[in-house]
Amino acid sequence: MNDRTSGPDRAEREELARLSPAPAERDLPPGRHLHHKDTLMRLIDQDGTPAAAPSPDAPDGARAARSRFPRPAVLLPAAGLALGGVLLTTLAVTGQDGAPAPSGAGTASQAAAPRGAAVLLDRIASVAEKSGGQTVTGDQFVYVKSLSSGNEGEFGGPVKLTEPDEREVWISQKAGPVIDEGLIHQDGSYFPITVGVPDGETPVGYPAGLNRPTYTWLASLPTDPDALLRRLTTEITRDQDTRDTPAEDRDPDRDAFDAIGELLRETLMPPKTAAALYKAAAKIPGVTLDSDAVDAAGRHGIGVARDDTRAGWRTAWIFDAATLEYLGERGYLIRDTSMGKKGTLINTSAVLERGVVDALRARPSTTGESSTTT
């Protein structure tokens with residue numbers, strides 16, 4: 001690569017240059033990793049976004065511990081509830097220790113992610129938009145096979161990380177309202193996912209929406225990043241109002257980042273919606289790059305992260321350094337807390353396969369139905 005940049009741009013490139021991790025033996029040969037790394041760096045270097053700092057030689061005028069976002073009530077037997085809870089728990093981070101920009105209502109339009117993170121998210125959005133869509137009907141199920149490890153320690157106490165556990169989930173795509181949302185397969189057993197809001201003795205089904213994001217609902221979202229971020233914020237606030245969430249437990253920027261991360265992990269995205277979500281994430285203050293992020297399957301990648309400074313941990317979405325495909329999430333402490341020392345891993349996940357099937361317990365890899373394997 002050439003050496004034509006200087007100042008902030010060069011510093012950004014040097015920071016980005018270390019984000020492609022040293023390859024594990026089972027990954028691509030070193031030469032191919034260097035090729036992908038160089039290609040990504042050149043794409044970022046060539047980016048013409050307005051956020052780029054003007055050259056010093058330019059004319060004067062040019063220089064002018066919180067819980068996850070709540071999901072619907074889960075009406076399961078005790079064992080099923082425990083496993084359903086695992087599905088919806090926080091799965092987060094690795095990375096840099098830079099402090100995020102102050103967060104608060106309305107800040108997304110005033111202070112977006114640093115240019116390095118914004119450029120990377122723009123590249124990821126471009127890949128996602130070109131990934132090709134598929135038809136998903138209301139009588140089908142989205143299938144997700146994943147690996148996850150979570151904290152089973154007492155609330156606020158030392159972290160007790162579980163061993164990585166494989167899980168399969170089938171999610172109904174009916175517009176709703178529905179009570180029987182799908183099925184979980186874990187530890188050799190199947191458990192129904194039953195959602196709804198209790199109403200006396202009879203539960204009321206839950207419609208498609210942010211808490212039950214079907215493919216059709218996702219496709220209905222705005223594809224303009226600003227409009228999409230406003231829509232998500234409105235829906236999050238409405239849900240928090242319904243649940244009487246205390247003001248001190250609300251953080252619009254953090255909640256938007258967490259909600260987007262949950263959508264990326266637990267759904268099958270229409271390409272245009274996925275692209276818009278990545279671009280919307282770039283507008284959230286405090287979003288940074290995360291070096292050598294590793295998912296639950298041991299795959300190294302580039303992380304897009306955000307700190308929860310109040311809780312003391314970081315959340316990162318992990319992407320393959322070569323393909324920019326989503327791999328999973330990872331979380332760890334960014335300071336010493338009652339949960340453990342700085343750097344303690346608190347949870348991690350890896351998406352192994354996604355697809356669309358026509359029936360519960362069907363698998364894309366064995367039925368030939370639509371599938372994406374990572």
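**Figure 1. Salt bridge between R250 and D241 in the predicted model.** R250 and D241 bring their side chains together in a salt bridge, with 2.9 Å from N to O. The structure shown here and in the legends that follow is a predicted model. R250 has a relative accessibility of 27% and therefore counts as partly exposed, and D241, at 43% relative accessibility, is likewise classed as partly exposed. Elsewhere, R254, D255 and D308 are joined into one network by salt bridges that share partners.

**Figure 2. Salt bridge between D239 and R243.** In this view the side chains of D239 and R243 form a salt bridge, for which the distance from N to O is 2.6 Å. D239 has a relative accessibility of 9%, and because buried means under 20%, D239 counts as buried. R243, by contrast, has a relative accessibility of 34% and is classed as partly exposed. The count of salt bridges in the model comes to 12.

**Figure 3. Salt bridge between E166 and K145, linking two strands.** The side chains of E166 and K145 meet here in a salt bridge with an N to O distance of 3.8 Å. Because E166 belongs to strand β2 (residues 165-172) and K145 to strand β1 (residues 141-149), the pair ties together parts that are 21 residues apart in sequence. E166 is partly exposed, with a relative accessibility of 40%, and K145 is also partly exposed, with a relative accessibility of 23%.

**Figure 4. Packing of helix α6 against helix α8.** Helix α6 (residues 225-242) packs with helix α8 (residues 271-281) at an angle of about 85 degrees, and the axes of the two helices are 8 Å apart. Since angles of 65 to 115 degrees count as roughly perpendicular, α6 and α8 are described as roughly perpendicular to each other. On the α6 side the contact is made by P225, L228, L229 and L232, and on the α8 side by A276, L277, K279 and A280. Sorted by class, the residues in the contact of α6 with α8 comprise 7 nonpolar, no polar and 1 charged.

**Figure 5. Packing of helix α4 against helix α8.** Helix α4 (residues 115-129) and α8 pack at an angle of about 175 degrees, with 8 Å between their axes. Because an angle over 145 degrees counts as roughly antiparallel, α4 and α8 are roughly antiparallel to each other. The residues of α4 that take part are L121, D122, I124, A125, A128 and E129, and they meet P271, K272, A274, A275, Y278, K279 and A281 of α8. By class, the contact of α4 with α8 is made up of 9 nonpolar, no polar and 4 charged residues. K279 of α8 is thus listed both in the contact with α4 and in the contact with α6.

**Figure 6. V119 of helix α4 and A282.** V119 is located in helix α4 and, with a relative accessible area of 2%, is buried. Although V119 and A282 are 163 residues apart in sequence, their C-alpha atoms are 8.3 Å apart in space.

**Figure 7. A cis peptide bond at G176 and P177.** The peptide bond that joins G176 and P177 is cis, with omega at about 0 degrees. P177 is found in the loop that runs between β2 and β3 (180-186). For context, most peptide bonds are trans.

**Figure 8. Positive phi values at D187 and L324.** Most residues other than glycine have a negative phi. D187, which is not a glycine, has a positive phi near 55 degrees, and its place is in the loop between β3 and β4 (189-194). L324 also has a positive phi, near 65 degrees, and lies in the loop between β9 (313-319) and β10 (326-333). The surroundings of these two residues can be set side by side: D187 is exposed, with a relative accessible area of 58%, whereas L324, at 9% relative accessibility, counts as buried.

**Figure 9. Overview of the whole chain.** The protein contains 9 helices and 12 strands. Among its 374 residues, 49% count as buried. The accessible surface of the protein comes to about 17100 Å², and carbon and sulfur atoms account for 53% of that surface.

Note on methods: Residues numbered from 1 in each chain as written. Predicted model: local features only at pLDDT ≥ 70, side-chain atom pairs only at ≥ 80, totals over all residues. Heavy atoms only, no water. Axes fitted to C-alpha atoms, helices over the stretch in contact; angles between N-to-C directions. Helix = DSSP H or I, 4+ residues; strand = E, 2+ residues; numbered from the N terminus. Parallel < 35°, antiparallel > 145°, perpendicular 65-115°, else oblique. Contact = heavy atoms within 4.5 Å. Nonpolar A, V, L, I, M, F, W, Y, C, P; charged D, E, K, R; others polar. Salt bridge = Lys/Arg side-chain N within 4 Å of Asp/Glu carboxyl O. Buried < 20%, exposed > 50% of the residue type's maximum accessible area, 1.4 Å probe, protein only. Areas by Shrake-Rupley, 256 points an atom, 1.4 Å probe, with all protein chains shown as cover.
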